[in-house]
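Let's take a walk through this model together, starting where protein and DNA meet and ending inside the protein.

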Amino acid sequence: MNIPQTEHELIERAQNLAGLTLGDIAQQAGIEVPKNLTRNKGWIGLLLEHVLGASAGSRPEPDFPNLGIELKSLPINEQAKPLETTFVSVAPLTGLVGINWHNSYVRKKLAKVLWVPVISPKDQPITQRVVGTPFLWSPSAEEEALLAQDWQELTDMIVLGNVENIQGKHGQVMQLRPKAANSQAKTQAYDRHGKPFMTLPRGFYLKINFTHMLLHKYLRIN
DNA sequence: GCGTGATCATGA
DNA sequence: TCATGATCACGC
């Protein structure tokens, strides 16, 4: 699919997916649907990227660079509750001098997001899952304050050399969790004495309560 | 290993 | 039951 030239074109394209099953969409795109996502965890996101015309690749930039828009698929149940946390970005564990919320990568990444809910009951075949109503979101002042607060708490811990003490329970709406091939993966960080050491790579994730709140706000449901 | 796309699966 | 910690695939 070609790249959408305007925000309107992208939204329109996304809205045209609403109500379609992933089977329909994949068939139109000539893409084979996996039986399950165990070995294809990012498949739905990649399918949506493809049909919406996101520029492919794993470069650290928005999915639609010309529009400054990030695409996120969001698995939900029939009551429109998110079923999973939402990965935002890898967390820098070094080079944090001079970084604050305002110039942070998380803020940039979440500045403008096209959310595409996918009704994804675990017991339902991938082909029969249905795309919900997509919506374009930018953080409100209140939402940004929540994100900023969590980002600051987590980043403070990293800077102070406490990254290994961070657990998923930290943060009200955003958390820091492993983001790696497996638990043996290593990346550099600093300990409490400022000495480098190797630790598990982490990523920022939006908690379910946050994305649930966004769904309520934009879809006026429940 | 890093960054993209995430969901799996088990312990509490 | 469900959130946390673990894991899967791919390009480079």
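Look at K41 to begin with: one of the polar atoms in its side chain sits 2.5 Å from a base oxygen of DNA strand C. Keep in mind as you look that this is a predicted model.

Now shift over to R39. Here a polar side-chain atom is found 2.7 Å from DNA strand C, but the partner is a phosphate oxygen. G168 also has a phosphate oxygen of DNA strand C for a partner, and this time the protein's side of the pair is a polar backbone atom, 2.7 Å away.

Step back a little and you can see the wider surroundings. There are 18 residues around DNA strand C, and the ones that come nearest are R39, K41, G168, R177 and S183. On the DNA side, 53% of the strand C atoms that come within 4 Å of the protein belong to sugar and phosphate.

What sort of residues make up the surface near DNA strand C? Sorted by class, you'd find eight polar residues, five charged ones and five nonpolar ones. And which element gives the most to that surface? That's strand 6, covering residues 174-178, which supplies three residues.

Finally, leave the DNA and find helix 5, which runs over residues 141-159 and includes T155. Is T155 buried or exposed? T155 has a relative accessible area of just 4%, and because anything under 20% counts as buried, T155 is a buried residue. Leaving aside residues up to four places away in sequence, T155 touches L96 and F204.

Note on methods. Residues are numbered from 1 along each chain as its sequence is written. Chains are lettered from A and ligands numbered from 1 in the order in which they are written. This is a predicted model: local features need pLDDT of at least 70, side-chain atom pairs count only at pLDDT 80 or more; totals for chains, interfaces and linings use all residues. Side-chain values use heavy atoms; hydrogens and water are left out. A residue is near a molecule or strand if one of its heavy atoms lies within 4 Å of it. A polar contact is a pair of N or O atoms within 3.5 Å; within protein, one must be able to donate a hydrogen and the other to accept it, and residues adjacent in sequence count only if both atoms are side-chain atoms. Helices (H or I, at least four residues) and strands (E, at least two) are DSSP runs, numbered from the N terminus. Ala, Val, Leu, Ile, Met, Phe, Trp, Tyr, Cys and Pro count as nonpolar, Asp, Glu, Lys and Arg as charged, and the others, Gly among them, as polar. Buried means under 20% relative accessible area, exposed over 50%, partly exposed in between (1.4 Å probe, protein chains only). Contact means heavy atoms within 4.5 Å.
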